[in-house]
Amino acid sequence: MSLPEPTFNSYLILSGILFAIGTAGVFLRRNLITILLSVEVMLNAVNLTFVAADRYYQTVDGQIIVFFVMTVAAAEAAVGLAIIIALFRHRESLNPDSFTSLKW
Amino acid sequence: MDTLFFWLLAAFAVMGSIGVIFQRNPMYSVVLLIVSFCALSGLYVLLGAPFVAAIQIIIYAGAIMVLFLFVVMLLNVGHEDALAGGMRAIGGAGPRRFGAVLSLVLLGELVWALSRLQGAPLAPRGGQAAASVGTIGLKLFRDYAFAFEATSVLILVAMVGAIVLARKERP
Amino acid sequence: MIARFFNTLAGWGVTAELVAHLLIIVVVFFILQGMAAVLVYMERKVAAFVQQRYGPYLVGPRGLMQPLADIVKLMFKEELRPKAADTVLFYVAPLLSATAAFAAFSVVPFGADTDFSWLVKYSGLSSVLSWFGVTFTGLAQPIHLAAADVDIGLLVIFAITSMGVYGIVLAGWSSNSKYSLLGGLRSSAQMISYELSYGLSFAAVIMLAGSLSLREIVDMQGGYWFHAIPKWFLFLQPVGFLIFLIAGVAETNRAPFDFPEAEQELVAGYHTEYSSLSFSLFFLAEYVNMVTVSAVATDLFLGGWHGPFPLPAGFEWIWFVVKVFALLFFYIWMRWTLPRYRYDQLMEFGWKYLLPVAVINLLVTAGVVVTMGW
């Protein structure tokens with residue numbers, strides 16, 4: 001059984017698939033936390049692209065950018081979750097459809 | 001051997017991500033995402049970036065996901081979501097169906113565009129000296145020093161912001 | 001015929017190095033489990049000594065078969081699962097804890113590089129093997145004595161220790177009982193708080209050593225200053241060693257930081273609802289974590305396998321074992337001597353006192369390294 005050897009393309013396609021899955025999650029899910037999780041999936045797909053490109057071009061800049069992306073993702077997850085907690089306290093629900101009116 | 005690992009880890013990453021968006025219980029979504037992150041960490045090792053693999057586990061799987069897990073547990077919405085019909089909401093009314101179609105279009109577009117490139121073989125993983133932690137550290141603190149300091153300020157701001165936002169209102 | 005079997009194996013690429021590596025992995029795995037059993041006995045005997053009573057003395061000579069009796073008892077207990085518990089996560093959680101505990105030890109080196117020529121010299125192995133038609137006089141190149149020796153060993157240990165939190169938090173949540181949930185949340189919050197000081201204390205050691213590989217750090221600690229003081233990092237980083245030990249004790253949820261599993265406060269914390277083999281997995285994970293923290297402290301601060309007088313080649317791991325047991329004795333002694341911290345005192349200590357001290361330690365080390373050109 002011989003599997004095709006992974007090339008630069010295969011990593012890019014894999015990251016494209018992950019990115020599309022993340023996008024689908026943001027559109028389809030009706031739970032704020034799962035939407036945030038899908039955003040994390042998208043960020044990871046982008047990280048994979050950077051590291052794969054790094055290996056192809058034989059440099060380390062991509063890995064440094066990945067380092068920054070992870071840090072920013074951590075900050076964004078923290079603030080996003082704090083917002084979700086604050087929203088949950090007001091409406092007791094995590095469905096984005098309950099936050100459609102502009103007044104509390 | 002590398003080939004086998006690549007396909008195995010890629011399968012785990014994709015299945016984990018699909019599980020994230022199709023699971024009803026958000027707790028299971030978080031656990032499946034952790035599985036996906038560990039698979040991605042393995043892929044980074046295959047790409048000759050052990051440092052990034054280690055910090056992926058430390059930061060993403062070890063810190064950010066614990067944060068998600070805490071919030072899911074404290075808000076305790078696992079049971080409610082089942083009642084509200086998480087599965088029913090998938091592919092629901094108009095805008096959502098449109099969004100699903102858009103995601104499929106994006107998937108098709110990306111796969112088509114990326115497979116039109118020539119299959120570029122990756123250089124062998126012998127260039128370990130280039131990707132060692134020392135090289136990354138030197139570049140980080142010399143060429144990207146400003147971004148590094150700015151990121152530290154960003155984390156401080158995010159920390160303060162998260163504490164303020166999640167605080168209970170004083171009566 | 002047996003020679004032909006070995007020839008086909010060699011044709012598949014099974015070399016002596018591969019066999020040696022596999023043997024080391026198997027030996028490490030089984031010794032870790034044996035260490036858990038030894039620790040059970042040691043804990044009870046030391047506790048008894050501290051409390052001025054006899055420990056177990058009925059089962060076997062001087063009570064040495066007590067761990068076996070404990071394990072058999074645990075295996076025969078009824079395997080309960082609360083009805084409202086989440087089945088998948090309830091059983092995955094102890095597996096995750098135990099796996100993380102074993103995986104963290106896999107990158108810890110426990111002896112000098114060896115080519116197993118001592119094995120040939122001191123045992124009749126070569127004569128036994130020559131009866132099978134295989135000649136073995138030691139490996140061509142010395143191999144590292146660690147289950148998996150990687151260049152970024154310290155980062156891997158830190159990463160896998162971070163993953164160990166999940167076993168606890170998932171156990172607490174999936175048991176669906178308020179004691180478990182509270183215990184799980186508190187325990188995991190404690191672990192991630194003390195992880196910061198843990199990491200900062202060995203960042204200072206990395207600065208001194210200039211390498212992330214544990215083996216190179218131990219290699220730097222051979223030799224003596226003034227022919228009297230061994231070149232351990234303990235003497236260069238006393239504060240760092242203390243911080244590492246305290247954070248390590250908090251990481252493994254042992255006294256005096258074991259509020260989340262204290263009997264008087266929370267029944268038994270996150271493992272309240274577990275019984276029989278799942279409970280024994282948590283038990284095992286806790287003891288193996290203790291061994292890992294002691295082993296890493298030995299490698300980083302106490303000179304690993306270097307000792308006062310050199311042992312014959314191939315037996316350096318004996319010094320390593322002696323030092324690890326000394327640290328484990330200290331662990332157990334601390335448990336039965338100190339009262340436990342209340343939860344808010346514990347968190348306050350971790351964030352307000354230990355973390356600033358760890359940061360200052362790092363800064364001072366950095367200053368010294370830069371100015372004195374280490």
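Start by selecting helix 1 of chain A, residues 8–28, whose 21 residues reach 30 Å from the first C-alpha to the last, close to the 30 Å expected at 1.5 Å a residue. Keep in mind throughout that this is a predicted model. Colour the helix by burial and you will find it mostly covered, since 18 of the 21 residues of helix 1 of chain A are buried.

Move along the chain to helix 2 of chain A, residues 32–57, where 26 residues reach 38 Å from first C-alpha to last, close to the 38 Å expected at 1.5 Å a residue. Helix 2 of chain A is also mostly covered, with 19 of its 26 residues buried. Just after helix 2 of chain A, stop at A:Q58, which takes a positive phi of about 55°.

Now show the whole of chain A, which has three helices and zero strands, in the pattern α-α-α when read along the sequence. The radius of gyration of chain A is 18 Å, well over the 13 Å that the globule rule gives for 104 residues, so chain A is more spread out than a compact globule. If you turn the C-alpha trace of chain A onto its principal axes, you will see that it spans about 55 × 30 × 20 Å. Buried residues nevertheless make up 55% of the 104 residues in chain A, and of the contacts in chain A with a separation of 6 or more, 45% are between residues 24 or more positions apart.

Next, display chain B beside chain A and select the contact between them, to which chain B brings 75 residues and chain A brings 62 residues. On the side of chain B that touches chain A, the elements giving two or more residues include helix 1 (2–22), helix 2 (26–46), helix 3 (50–75) and helix 6 (94–115) of chain B. Helix 3 of chain B gives the most to this side, with 12 residues. Coloured by class, the side of chain B that touches chain A shows 59 nonpolar, 13 polar and three charged residues.

Leave chain B on screen and bring in chain C, because what follows is a second contact, in which 13 residues of chain B meet 14 residues of chain C. Helix 3 of chain B gives the most to the side of chain B that touches chain C, with 11 residues. The residues on that side divide into 12 nonpolar, one polar and no charged.

With the three chains shown, select the largest nonpolar core, which has 167 residues, and label B:V30, B:A54, B:M65, B:F68 and C:V288, the residues with the most contacts inside it. The largest share of this core, 17 residues, comes from helix 3 of chain B. Centre the view on C:V288, which, not counting residues up to four places away in sequence, touches C:L32, C:A36, C:A101, C:F102 and C:F105.

Finish at C:P142, in the loop between helix 6 (125–131) and strand 2 (143–145) of chain C. C:P142 is partly exposed, with 14 other C-beta atoms within 10 Å. Leaving aside neighbours within four places in sequence, C:P142 is in contact with C:D113, C:T114 and C:D115. For a last distance, pick the C-alpha atoms of C:P142 and C:E17, which are separated by 9.2 Å although these residues are 125 residues apart along the chain.

Methods:
Residues are numbered from 1 along each chain as its sequence is written. Chains are lettered from A and ligands numbered from 1 in the order in which they are written. This is a predicted model: local features need pLDDT of at least 70, side-chain atom pairs count only at pLDDT 80 or more; totals for chains, interfaces and linings use all residues. Helices (H or I, at least four residues) and strands (E, at least two) are DSSP runs, numbered from the N terminus. The expected span of a helix is 1.5 Å times one less than its number of residues. A residue is buried if 20 or more other C-beta atoms lie within 10 Å of its own, exposed if 12 or fewer, and partly exposed in between; C-beta atoms are placed from the backbone. Two residues are in contact if their C-beta atoms, placed from the backbone, lie within 7 Å. Ala, Val, Leu, Ile, Met, Phe, Trp, Tyr, Cys and Pro count as nonpolar, Asp, Glu, Lys and Arg as charged, and the others, Gly among them, as polar. The radius of gyration is taken over C-alpha atoms; the globule rule is 2.2 Å times the number of residues to the power 0.38. A nonpolar core is a set of buried Ala, Val, Leu, Ile, Met, Phe, Trp, Tyr and Cys residues joined through C-beta atoms within 7 Å.
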